[in-house]
Amino acid sequence: MTASPEAPPRIFDARRREARLARAAHRLHQADFLHVRAAENAAGSLEAILREFPVAVDLSAHSGPFAHALAASDAAGRVGAVATPTSRTERAAPGAAALPLADDSTDLIVSLLSLHWANDLPGALAQIRRALKPDGLFIGTLFGAGTLKELRSVLTEAELAERGGAQARVSPFADGYDGAALLQRAGFALPVSDVDRFTVRYPDLFALVRDLRAMGETNVLHGPIRPLSRAVIARAARLYAERHADAGGRIPATFEIIHLAGWKPHESQQKPLARGSAKVRLADALGVKEMTGDEID
């Protein structure tokens, strides 16, 4: 009997994540700047691709920002009506259940700031690739490893000091440098990955947490979550200000958005040359003198 592959570890609680998104649905407009930034970048990428995408699907955590960014872009006329899942589950827990899309059925799939909640990220990407038509395009974004590094540090230190032990409070995020490798592992061709790293400044920790709640981006790690006490929160706020505040008293919050793009393989796509088949030496192409090992200091 062949052993079945091991199920991916349960890092995130899908029901908890879905509840967070539902709670944030009417508040996103208060703090949608990250989703708007990701959506505008995705629409900008489509502007540079001069082809049509008649069948398009948006799997983003919140569908509004991409719809607005696309409508305002030069690519709007080349993208058909964008469908969104009727259930919030597909957006809350990517890869947890089969996508409601037939194989080889879609020209374009967009997933913005949702995939960092996938328990099985390569599996979620593979589902997206299967739903695309040959030569179909995937554009996605997810938070990277540098996101909220200041908050992670002060919460851990404050909880250790007040309770003698600390629980994970900020999600583990993917390394931005692994983006293209993730796409290749999921079967995409011509993978592209880029990292957008920036800082947002807040008056205090409480303002940052309000924005995270409005986005639906608070803790949904699997397992029991022990509520933070007032003492822990107060110490964390004080540490944040002491360690990171600028001259005006504002604290920085680092965000890192990984941008991904990949195509479902098709015979018409450009293929890399086979190893050893180059017709021109690299030194000649660069216009430099080729040196042997003995000539290099």
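The conversation below goes through a predicted model of one protein chain.

Visitor: To begin with, how many helices and strands are there in the chain?

Guide: The chain has 10 helices and 6 strands. It is a predicted model, with a mean pLDDT of 88. Of its residues, 88% reach 70 or more on that scale.

Visitor: And where does pLDDT stay under 50?

Guide: That is the case over residues 290–297. For this stretch the model has 5 contacts beyond four places in sequence. Where pLDDT is low, the predicted coordinates should not be read in detail.

Visitor: What share of the residues counts as buried?

Guide: Of the 297 residues in the chain, 43% are counted as buried. The accessible surface comes to about 15900 Å², and carbon and sulfur atoms account for 53% of that surface.

Visitor: What about contacts between residues at least 6 apart in sequence: what percentage join residues at least 24 apart?

Guide: The figure is 86% for the chain.

Visitor: Let us turn to pockets. What is the volume of the largest pocket, and which residues lie nearest its centre?

Guide: The largest pocket has a volume of about 680 Å³. Its lining consists of 28 residues, and V209, R213, T218, N219 and L228 lie nearest the centre. The elements that give two or more residues to this lining are α1 (14–24), α6, α8 (205–215) and α9 (230–244).

Visitor: Which of those gives the largest share of the lining?

Guide: Helix α8 does, with 6 residues. By class, the lining of the largest pocket has 17 nonpolar, 4 polar and 7 charged residues.

Visitor: Staying with helix α6, is E159 buried or exposed?

Guide: E159, which is found in helix α6 (residues 149–163), is buried, with a relative accessible area of 2%. Apart from neighbours within four places in sequence, E159 is in contact with G164, G165, A166, Q167, R169, L228 and V232. L228 is also one of the residues nearest the centre of the largest pocket.

Visitor: And R17, which helix is that in?

Guide: R17 lies in helix α1. R17 is buried, because its relative accessible area of 1% is under the 20% limit. Outside its neighbours within four places in sequence, its contacts are A61, A92, L113, W117, G216, E217 and V220.

Visitor: How far apart are R17 and R91 in space?

Guide: Their C-alpha atoms are 9.5 Å apart, while R17 and R91 are 74 residues apart in sequence.

Visitor: You listed L113 among the contacts of R17. What is its phi?

Guide: L113 has a positive phi of about 50 degrees, although it is not a glycine. L113 sits in the loop between β3 and α5, and it counts as buried at 0% relative accessibility.

Visitor: What is the phi of D104, and is that residue buried or partly exposed?

Guide: The phi of D104 is positive too, at about 55 degrees, and D104 is not a glycine. This residue is in the loop between α4 and β3. D104 counts as partly exposed, at 42% relative accessibility.

Visitor: Now the enclosed spaces. How many cavities of 30 Å³ or more does the structure hold?

Guide: It holds 2 of them. The largest cavity has about 120 Å³ of space. It is lined by 16 residues, and the closest to its centre are E90, A93, P94, G95 and L99. Helices α4 (89–92) and α5 (121–131) are the elements that give two or more residues to the lining.

Visitor: Which element gives the most to that lining, and how do the residues divide by class?

Guide: Helix α5 gives the most, with 3 residues. The lining of the largest cavity has 10 nonpolar, 5 polar and 1 charged residues.

Visitor: Why is α5 described as largely enclosed?

Guide: Helix α5 is largely enclosed by the rest of the structure because 9 of its 11 residues are buried. Among them are L121, P122, L125, I128 and A131. What covers the buried residues of α5 includes β3 (106–112), β4 (132–143) and α7 (179–185).

Visitor: Finally, which residues line the second largest cavity?

Guide: H35, A38, S60, H62, P65, L112 and L113 line it. About 30 Å³ of space lies in this second largest cavity, and its lining divides into 4 nonpolar, 3 polar and no charged residues.

Terms used: Residues are numbered from 1 along each chain as its sequence is written. This is a predicted model: local features need pLDDT of at least 70, side-chain atom pairs count only at pLDDT 80 or more; totals for chains, interfaces and linings use all residues. Side-chain values use heavy atoms; hydrogens and water are left out. On a 1 Å grid over the protein atoms alone, a cavity is a set of points where a 1.4 Å probe fits but cannot get out, and a pocket is an open set with protein on both sides within 12 Å along at least five of seven lines; lining residues have an atom within 4 Å of a point. Grid points are joined across faces, edges and corners, and a volume is the space filled by probe spheres set on the points. Helices (H or I, at least four residues) and strands (E, at least two) are DSSP runs, numbered from the N terminus. Ala, Val, Leu, Ile, Met, Phe, Trp, Tyr, Cys and Pro count as nonpolar, Asp, Glu, Lys and Arg as charged, and the others, Gly among them, as polar. Buried means under 20% relative accessible area, exposed over 50%, partly exposed in between (1.4 Å probe, protein chains only). Contact means heavy atoms within 4.5 Å. Accessible areas come from the Shrake-Rupley method with a 1.4 Å probe; for residues, only the protein chains shown count as cover. pLDDT is the predictor's confidence in each residue, from 0 to 100.
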